[in-house]
Amino acid sequence: MDSADIDRQWWKEAVVYQIYPRSFNDTDGDGVGDIPGIIEKLDYLDELGVDVIWLNPVYESPNADNGYDIADYQSIMDEFGTMSDWEDLLDGLHDRDIKLIMDLVVNHTSDEHEWFVKSREGDEEFRDYYIWRNGRTDVDGWTGHLGPDDEAPPNDWGSFFGGPAWEYDEDVGEWYLHLFDVKQPDLNWENEEVREEVFSMMEWWLEKGIDGFRMDVINLISKPPSVTEHNPPEPDGFDATFDGPKIHEYVGEMGERVLSDDLLTVGEVVGDVSMDDARQYVGRDGDGLGMLFHFDHMLLDRGGDVWEYYGYDLTDLKDVFRHWQKSLEGEGWNSNYLNNHDQPRMVSRFGDDVEYRVESAKLLGTLLHTLHGTPYIYQGEELGMTNYPFERLDDYQDVDTLNPVQNALDEGVIENFDDVKDSVAALSRDNARTPMQWTDEEHAGFTDGEPWLAVNPNHEEINADTAREDDDSVFHYYRNLIALRDDDDVSDVLVYGSYDDLWPSHTDLWAYTRTLDDERLLVVLNFTSEDQQFRLPREDEDHATYADELPLHAGEVADLDTELLVSNYDEDVESDPTEFALRPWEARVYHLS
Ligand code: TEU
């Protein structure tokens, strides 16, 4: 990469911190986090040094899916506070030079949204805001969910949260589509008025001063013809809901109408997104999004169900990142995340959360902050928070755990919960949602009341208070990583340098370079709990096991200034980057210039 080609944007140079308000900090003792609770922690966020907050949904909602079922896009959920609290939050962030992006959930609303209530009442104006269809009466042997007179749903799609994707409504006499919970009816984006409503709602938030949007399941908004047409062709498979036929028309329209380069925009894209689609979403002459959240690395260790946990191979993880890093190079921008509110804790999933918790949390942080793209930190990640020791089905709250498991038990797909409990515990979204661990006191200082979801018992050891006092903590390591993006000596190569995998086939080490002009970073990460040996090959060496084209060879290093920029072991680190031994979960970043 050549520095002359850099297309600078503030959001490429930023670090984003995600807040799941329900689990962040509770000030009124109801056991649920709230906006005043976030305000109370603004100095903490400032101390960490993050540049942007992504706030999960805080809008009015009956909470069938913790706020992803929105009943009013322009008001704040009572449990979380008031609009004036939210305005104070925005001011408090902006005063500290921290930006705010809001969650945009417009594939669906709550069934309690006024639009759906009216649609269901038969109000002509709102009927076409949602997707209503007749059931099928000609399906022999349909054994699934039924409407009246043994009517089968319009097609056989299942919802993401288990069970059918259609619900029969007696008053309407038709079925409505819900790709997620039955309380999350899908909006009909074919209807121009729906698009208008969404765009003007977005403009309203932008006028209030926000700095961008994270867009929930944005690649689901265009449905296939078998659903949108009145004399539909044969039903498509469920995969047809991903990146549907008019997706770029709709997202492009949003880009043109509402978005600009000055906003941070990140679209969540579920399913197997093709690189052509990805480039269309975020590419130079594309739809106008800045980044995507794809799922390729989140699906390596699991099947489609929450009880299908298999573990992962490092080479597969590297393949996913190499694919995205190289395919978007010079064309679009990457987002990098290893966990969020829907995923298990990264240190439990990709690291070692027992013996090498601190080392592996730091190593994963090093990866996140040295890849090409914008890093996203999920609350508690900066403390090395781990998965929760879930035991019983009653321990969970999440629809995406409870519904599919209960359905599978009812249908005999699972014989008893004990058979799958370890896998469910490894994958459940509730791992991310246990309350933030602030102190070693009762309920980890999250609430004075009863927390809505149990606090991890390891808060006695893992908490923000302890971490801030300990110079060697994950917290301080993260502060250093975040600060690197503001360090003039390395920020350009760190943010804009191209990524090259040095040793793709290595099953235990992840080694790569970032290159801008003559400057380089060399990152070497030991993804195991054993010692490993690293070696840079010479140019003329037969290096069959390394990358086909070596981005860096040992001979070059002799002519360069070498600085050990980052290391997660502070003692006994040799300065020669061409050959060295790595201890368990050791991470090193050398700056070569
Ligand atoms: O998630 C989309 C989604 O399908 C996955 O995150 C899914 O929950 C995961 O693969 C586990 O099965 C978004 C939101 O992030 C999530 O919290 C919402 O529940 C969902 O959309 C519906 O709005």
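## Polar contacts of the ligand

In this predicted model, an N or O atom in the side chain of Arg-429 is placed 2.7 Å from an oxygen atom of the ligand. Taken alone, the ligand exposes 500 Å², and the protein buries 93% of that area.

Two acidic side chains also take part in the description of the ligand's oxygen atoms. For Asp-342, the separation between a side-chain N or O atom and an oxygen atom of the ligand is 2.4 Å, while a polar side-chain atom of Glu-268 lies 3.3 Å from an oxygen atom of the ligand.

## The shell and the pocket

The ligand is surrounded by 18 residues, of which Asp-65, Asp-216, Asp-342, Asp-400 and Arg-429 come nearest. Sorted by residue type, the shell around the ligand comprises 8 charged, 7 nonpolar and 3 polar residues. Asp-342 and Arg-429 thus appear both in the list of those that come nearest and among the side chains for which a distance to a ligand oxygen is given above.

As for the space that the ligand takes, this is the largest pocket.

## Phe-161 and its loop

Phe-161 belongs to the loop that runs between β6 (132-133) and β7 (166-169). The residue counts as buried because its relative accessibility is 4%, where the cut-off for that class is under 20%.

Phe-161 can also be placed relative to Phe-180: the two are 19 residues apart in sequence, and their C-alpha atoms are 5.7 Å apart in space.

Definitions and conventions:
Residues numbered from 1 in each chain as written. Predicted model: local features only at pLDDT ≥ 70, side-chain atom pairs only at ≥ 80, totals over all residues. Heavy atoms only, no water. Near = heavy atom within 4 Å. Polar contact = N/O pair within 3.5 Å; in protein donor to acceptor, adjacent residues only side chain to side chain. Areas by Shrake-Rupley, 256 points an atom, 1.4 Å probe, with all protein chains shown as cover. 1 Å grid on protein atoms, 1.4 Å probe; cavity = no way out; pocket = protein on both sides within 12 Å on 5 of 7 lines; lining within 4 Å. Sits in = over half its atoms within 2 Å of the grid points. Nonpolar A, V, L, I, M, F, W, Y, C, P; charged D, E, K, R; others polar. Helix = DSSP H or I, 4+ residues; strand = E, 2+ residues; numbered from the N terminus. Buried < 20%, exposed > 50% of the residue type's maximum accessible area, 1.4 Å probe, protein only.
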